[in-house]
Structure formats: C-alpha cells, structure tokens
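The exercises below are meant to be worked through with the sequence and the model side by side. Try each task before reading its solution.

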Amino acid sequence: MKMKRLVRNMAMSALAAVSVASVFTPAVKAEEPTTITMYQIGTPPDNLDQLLAKVNEAFVRDLNLKLEIRYLGWGEYDDKMNVMTNSGEKYDIARASGYIQNASKGAYADLTDLIKEHAQDSFKYLDEAYIKGNTVDGKMYAFPVNGNVYAQEFYTFNPTFLKKYNLKLDGIKELKDVEPLLQTIKDKEPGVAPLAAGRGWRVGHDFDYVIGDAVPLGVYLKGDTAKIVNPYEETDAFIPEIKVMHEFYEKGFVPKDAATSDQGYPLDADTWFMRRETVGPRDYGNYLLRAVSGKDLEIVPHGDSIIKTNAQARMSNFVVAQNSDHVEESVKLLNYINSKPEIMNTLVYGLEGENWEKVGEDKIKLLPKYNEGATHMSAWNTGNAALLYKDERVTPEQLAASEKGLKEATDSPLLGFNFNQEPVADEIANVNNVVNEYVAGLHTGTVDPEKVLPEFNKALKDAGIDKIKEEMQRQYDEFLKNKN
C-alpha cells in the first residue's frame, strides 16, 4: 500500500511539474513564412491586397512562402530595373528587362538545375521555343510565361463604322486594299481617324529582327534566311507599304502629327476606324479584343507568316536576382503559380464568385464586376495561360483555329540566336539614334520615302550599321553551323 501511495504521489508531482513548466516555457512556434518579393510592370489592380491574401493562403499552406508584388509603371520599369541591377539592389523575382544582356553578365541566377529539380510541373507546358529562345550559353536564366509563342499582326476595324456604312472586308490582303474604306471614313466622319497611327505605328511583315527594330537588321522570311539584311535597303519587307503610307498621309487618312503623337485611341471608343493589333493563339482570334473593348471588332491578318520568334519566347520572362537570398524558394513559388489552376485563374480573372463563376469543368462566365475597375491581372505577364479556364464566349471555331495555329507554326531561323552586342556596342548606340530620328516619319507616311529612304540608309551607314551587320553575320554563321 505504501508503495502504491508513493508511485501515485510521484506521478502527481511529475504532472504538477509539467503544468508549471507549461506556464513558464514559451510554446514552440511554427516557422514564420518567408516573403518573396516580385517586381512587376504596369499598374497594380485596385484589389491587389485581396488577390494576394487569397493566393497567399495556398502559398503559406503548401510552401510556407508569401508573395509580395511591387509594381513599377510602364514608362519607368526598364530604367528602374536597370538601376537596381547595376547597383546590386536585392530582390527575389522580377519581370526580366534586357534579358539576354543581363543574363550574360551574371545579373540573374542560373536556374538550370533548380528548374529540373523544382519546376517540372510547370515546364512541361512550355513549347520548346521558350527553351530555345531563353537559353544563354547553355544555361536557363528565365522562367518564361507560357502565353503566345507566336503572334500575327492584324488590321483591326471598328464595327460602328463597318455597320453604319455597310463596309465589307472581303479581299483585303495588303495595306493598299483598305484605301476605299479609309476614303469613306475621311469623307463622312471628319472627327474620326481613318487610320489610327501614332509614332509607334509600323508597317511591314515577314521580317524577324535579331535585336529589335531599333537596329534594323535581321532575316527576311521570304528570302535567304541565312543572310542578315537591312529591310530598308535590301528587301521588299517594308518599302512597298512605306510608300503606300505616304500616299495615305497625303490623302488625309493619317493624323497630321502621327510621327510625333502618343495620342491613345481606346479600343472601346469611336475615335478611330482602323488600327493594327497583335494577336496570338491564346487570344482566340478576335475574342480577347472583343472582350477587352466590349465591341465586336473585326480583324484581317496582315502577312501570312506564323513563326515562333525570340521576341515572343522572351515576351514575358520572370527571373531571379543573382543576389537573392531565396533563389530556390523563388523557383518553387514560380512553379506553384504556373502549375495550379486555382492560383492562375484567381490572379488573371479575379476572385471567384465576384468576377467569375464556373459553368463547366473548364469554362467560366465573367460577371459584371470583371469589367468594373481593375480587379485582376493580365494573362500575358502573369503566368501559364494553359491553366486558364475558357470564357464561355470563346467559340469552338476559335479554339480549333488556335490549336491549328500552334501545330502549324514554324520556328524562325533566328530562334535561339543570341547576338553578343559587346563588340559593336558603340555602333549600336549610334544606330539607335538614327532610327529614332527617321523611322516614325517613314512608317507613318509623314515623309516622302523617295527622298528620305536614301538619306536614312546613308545615316545608318555613317553610324556603323555595316560593322554591326558584319559582326552579326559572323556570329549567325557560327550559330547556324552549330545548329546543323
């Protein structure tokens, strides 16, 4: 009996000791979530805090990570990211700016092995063109957005005036074919721009630039694609339409200040009749344009080349800073965003039940709030479009055309060619200045190409375009040799 009493007393003493310890010993806390900072371009949604709160529930639950997005405006993004990169300012994830140059100089973390280890769930969706276009010296520094792997230019027409004057789009294949329609608008709608062109307006097609239109060198897709050429001197890619634009300008179809104007022509306004828009397979023909504008816009393709280019492959890349303290965590987070439908649809469409509702396994109906203010993000620079539910208004024909285009699109000869600009950096800067001086006037038709084109090409030569071309051709020859 004494022994039982002793054991009972010892047990009670132990229990008391545990109780006392529990009062004075702090509870062990779960590790706090790590916050990942992301820099994004544009204007933040009005409800950014709500969107992040919603997706962060999943990030914390499954990854013990939280996402913070900091937006920089369209006009300041590249400059600010350049300053941050050069100064070594820390961040985790950002939309890439100057991807090839910054990857080459070590500003971005090498993600090659981390992608293999942590991002196969999302990378399985990517067309091979994204890999080819973003591989630098055998390494992958980008986490590409799976969007429009190719894009076509389309002439886009305002239905208000098509219906009002019973205008038909049959037979339109080239720029010159729209002249009768533009003449009608000029004669009958004096307050409307027949052709909504500003200083960013460009003509031409079937040409792929090596760097971009600020350095007019690349391959003519209907010519010898092993040869680097100047489209303003050696091909018919631009010159015929530049001449047509001058005729249009002389006839009053183009705003007089087009070469210097930044005036916007909102898609939903009746201030314009014809414009040029870029459309890719994920836009489903004119569906996206109609959804954004609220108008039954009509489109006609401009040119017939459907190619996967470096520009499209790099349209929207996310990168991780070389000096980030959370490189691996950033890759895990990007993979999660790009492999989970519930995350992508929340970010791109907004909150379910407020902005949209499901009407099928992979179809949704957009609710009125979707178009009432900025309550969601844009698909093209958010993430994997393959995860997005389809708006019920996307037709079977539009879906079929999208799939057909994706199957038939071919690789540009330049896909995967990353030009090392360092040997001709000074000449590139000089050529940029010449292009800035001449190109807007030529493309908007403001100047007479018969007089100005020779002057422009001479100025390019004086700036050193031939030296750039020679170096570009040398590197391109090496690329083609190793490619084959």
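**Exercise 1. Find the volume of the largest cavity, and work out which residues and elements line it.**

Solution. The largest cavity has a volume of about 80 Å³. A cavity here is a set of points, on a 1 Å grid over the protein atoms alone, where a 1.4 Å probe fits but cannot get out, and lining residues have an atom within 4 Å of a point. Grid points are joined across faces, edges and corners, and a volume is the space filled by probe spheres set on the points. This is a predicted model, in which local features need pLDDT of at least 70 and side-chain atom pairs count only at pLDDT 80 or more, while totals for chains, interfaces and linings use all residues. Residues are numbered from 1 along each chain as its sequence is written, and side-chain values use heavy atoms, with hydrogens and water left out.

The next step is to list the lining, which is made up of Met38, Gln40, Leu67, Ile69, Tyr71, Phe318, Ile337, Leu347, Met377, Asn381 and Thr382. Two elements, strand 1 (34-41) and strand 2 (65-72), give two or more residues to this lining, and strand 2 provides the largest share, with three residues. Helices (H or I, at least four residues) and strands (E, at least two) are DSSP runs, numbered from the N terminus.

The last step is to sort the lining by type, which gives eight nonpolar residues, three polar and no charged. In this sorting Ala, Val, Leu, Ile, Met, Phe, Trp, Tyr, Cys and Pro count as nonpolar, Asp, Glu, Lys and Arg as charged, and the others, Gly among them, as polar.

**Exercise 2. Describe the second largest cavity by its volume and its lining.**

Solution. Of the three cavities of 30 Å³ or more in the structure, the second largest has a volume of about 40 Å³. Its lining consists of Ser122, Phe123, Tyr125, Leu126, Phe143, Pro144, Asn146, Asn338 and Asn384. Helix 6 (120-123) and strand 6 (143-144) each contribute at least two of the lining residues. Sorted by type, the lining of the second largest cavity holds five nonpolar residues, four polar and no charged.

**Exercise 3. Check the span of helix 17, and decide where its buried residues lie around the axis.**

Solution. Begin with the span: helix 17 (residues 449-463) has 15 residues, and at 1.5 Å a residue it should span 21 Å, which agrees with the 20 Å between its end C-alpha atoms. The expected span is 1.5 Å times one less than the number of residues.

Next, pick out the buried residues of helix 17, which are Pro449, Val452, Leu453, Phe456, Asn457, Ala459, Leu460 and Ala463. Seen down the helix axis, these buried residues fall within an arc of 160°, so they line one face of helix 17. The arc is that of the directions from the helix axis to the C-beta atoms. Buried means under 20% relative accessible area, exposed over 50%, and partly exposed in between, with a 1.4 Å probe and protein chains only.

Then turn to the other side of helix 17, where Glu450, Lys451, Lys458 and Asp462 are exposed. Finally, the buried residues of helix 17 pack against helix 10 (239-250), helix 16 (425-443) and helix 18 (465-483), where contact means heavy atoms within 4.5 Å.

**Exercise 4. Is Trp356 buried or exposed, and which residues does Trp356 touch?**

Solution. Trp356 is found in strand 15 (residues 356-358). Its relative accessibility is 2%, so Trp356 counts as buried. Leaving out residues up to four places away in sequence, Trp356 touches Asn345, Tyr349, Gly350, Leu351, Ile364, Lys365, Leu366, Leu367 and Tyr389.

**Exercise 5. Compare Asp137 and Asp206 by phi, location and burial.**

Solution. Start from the background that most residues other than glycine have a negative phi. Phi of Asp137 is near 50°, a positive value, and phi of Asp206 is near 60°, also a positive value.

As to location, Asp137 lies in the loop between strand 4 (135-136) and strand 5 (139-140), while Asp206 is placed in the loop between strand 8 and strand 9 (207-209). The last step concerns burial: Asp137 counts as exposed at 73% relative accessibility, whereas Asp206, at 6% relative accessibility, counts as buried.

Terms used:
1 Å grid on protein atoms, 1.4 Å probe; cavity = no way out; pocket = protein on both sides within 12 Å on 5 of 7 lines; lining within 4 Å.
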